[in-house]
Amino acid sequence: MNNLFVYCEIEDGTIADVSLELLTKGRSLANQLKCRLEAVVIGNKLEGVEKQIMPYGADKLHLFDDNRLYPYTSLPHTSIMVNLFKEEKPQVCLMGATVIGRDLGPRVSSALKSGLTADCTSLEIGTHEDKKQGKTYENLLYQIRPAFGGNIVATIINPEQRPQMATVREGVMKKEILDENYQGEVISYDVNKYVADTDFIVKIIDRHIEKARHNVKGAPIIISGGYGVGSKDNFQLLFDLAKVLNAEVGASRAAVDAGFCDHDRQIGQTGLTVRPKLYIACGISGQIQHIAGMQESSIIISINNDSTAPINSIADYVITGAIEDVIPKMIKYYKKNSK
């Protein structure tokens, strides 16, 4: 009762990275709340899935295993979550801001009249004082996300309704194993007690998933370009540098909108969240929407004509100059010194 739940997505028998990231964050939040961390997995052929989840600190795993539950469809998954939550009455529920999470989260929160904050960039536990009503609320979930086009960072709370629900995009939280031998309780459910036959009215006959062409998210070095790169031709310089450094190329939304780079390379609030060892920002001004997607990089180098560009304030090193002058020199001297 009143524990913290994480809905864990599964694809081809593997728990999604975003779910493991949320288990890591959930363990930390549950410790602060002095409650249990519980995971929910809904799918088919789930034998042994606890070996993927328990090392992240889950105290209990709720399993719903049925061949009708995979691939994901909206109605049965919603019924299971809603009916389970009516029984368990969690105080917090976290989901990934994925295609599935963005479909399931609003359905569950609407049915339970609990509210939901989407695309959070941070989650904290804190207190809220309602001076009008003279009430103080303890141990609330601070659901933190950029708002008004990224011009402010909003902290959203839900004092009364439960569960407090939030979705978080992949890569925002760190994934970290707590204990390889962590032991938790596994409970398997009779799916028919939670789902009506009419929920299975939609059946997936065939499904095609196109895998990403690039591995920008997992790259240790990223060369990223913004609108300041100037043109699609100049963007090729970033690919030339990336080839030398065995890196991947990313882009800001402005560069993507200008047609300089493909959308699947976009980094930022509406794109990918990355944590490379080295992030080289070329011609990127550093709006909060972009910074939200790369500020956890270990080392940040900014290359920009504008010495006062906002991104320079978070960069470890700043190179002031034109992309077309600086990058060829970087390639030349890297090749020279790496022989």
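Here a student and an author talk through a predicted model and the terms used for it.

Reader: Why is the contact between Arg27 and Asp59 called a salt bridge?

Author: The cut-off is 4 Å between a side-chain nitrogen of Lys or Arg and a carboxyl oxygen of Asp or Glu. In this pair the closest N and O atoms are 2.9 Å apart, so the pair passes. The two residues sit in distant parts of the chain: Arg27 is in helix H1 (residues 17-33), while Asp59 is in the loop between helix H2 (50-53) and strand S5 (60-65), 32 residues apart.

Reader: Are Arg27 and Asp59 buried or exposed?

Author: Both Arg27 and Asp59 are buried, which means that each has under 20% relative accessible area.

Reader: What makes Glu170 and Lys217 a salt bridge?

Author: Their N to O distance is 3.6 Å, and the cut-off is 4 Å, so they count as well. This pair also links distant parts of the chain, 47 residues apart: Glu170 is in the loop between strand S11 (164-168) and strand S12 (185-188), and Lys217 is in the loop between S12 and strand S13 (221-225).

Reader: Why does Glu170 count as partly exposed?

Author: Buried stops at 20% and exposed starts over 50%, with partly exposed in between. Glu170 has 33% relative accessibility, so it lands in that middle range. Lys217, at 31%, is partly exposed because its value falls in that range too.

Reader: How do you know that Glu296 and Arg275 form a salt bridge?

Author: Put 3.8 Å, N to O, against the 4 Å cut-off: the value is within it, so the pair qualifies. Glu296 lies in the loop between helix H7 (288-291) and strand S16 (299-304), and Arg275 lies in the loop between helix H6 (253-257) and strand S15 (278-282). At 45% relative accessibility, Glu296 is partly exposed, and Arg275, at 28%, is partly exposed as well.

Reader: How many salt bridges does a search of the whole structure find?

Author: Eleven.

Reader: OK, on to the sheet. What makes S7 and S12 edge strands?

Author: Each of them pairs on one side only. The open sheet has seven strands in the order S7-S11-S6-S1-S4-S5-S12, with parallel pairing. From one strand to the next, the twist averages 20 degrees.

Reader: How do you know that S1 and S6 pair?

Author: Pairing needs at least two bridges. Three bridges join strand S1 (residues 4-8) to strand S6 (residues 92-96), so they pair, and they run parallel. Within this pair, Val6 stands opposite Leu94 in S6.

Reader: Which helix lies across S1?

Author: That's H1, which lies across S1, strand S4 (37-43), S6 and S11, running at about 175 degrees to S1. Helix H4 (residues 99-112) packs on the sheet too, touching S1, S6, S7 and S11.

Reader: What makes a group of residues a nonpolar core?

Author: The members are buried nonpolar residues, such as Leu and Val, joined through side-chain atoms within 4.5 Å. The largest one here has 33 residues, and those with the most contacts inside it include Leu4, Leu23, Leu94 and Leu123. H1 gives the most to this core, with six residues.

Reader: Which residues does Leu123 touch?

Author: Leaving out residues up to four places away in sequence, Leu123 touches several, among them Leu29, Leu94, Leu141, Ala166 and Met173. There's also a second, separate core of 26 residues, which includes Val249, Val256, Ile280 and Cys282.

Key:
Residues are numbered from 1 along each chain as its sequence is written. This is a predicted model: local features need pLDDT of at least 70, side-chain atom pairs count only at pLDDT 80 or more; totals for chains, interfaces and linings use all residues. Side-chain values use heavy atoms; hydrogens and water are left out. Helices (H or I, at least four residues) and strands (E, at least two) are DSSP runs, numbered from the N terminus. Buried means under 20% relative accessible area, exposed over 50%, partly exposed in between (1.4 Å probe, protein chains only). Axes are lines fitted to C-alpha atoms, for helices over the stretch in contact, and angles run from 0 to 180 degrees between N-to-C directions. Contact means heavy atoms within 4.5 Å.
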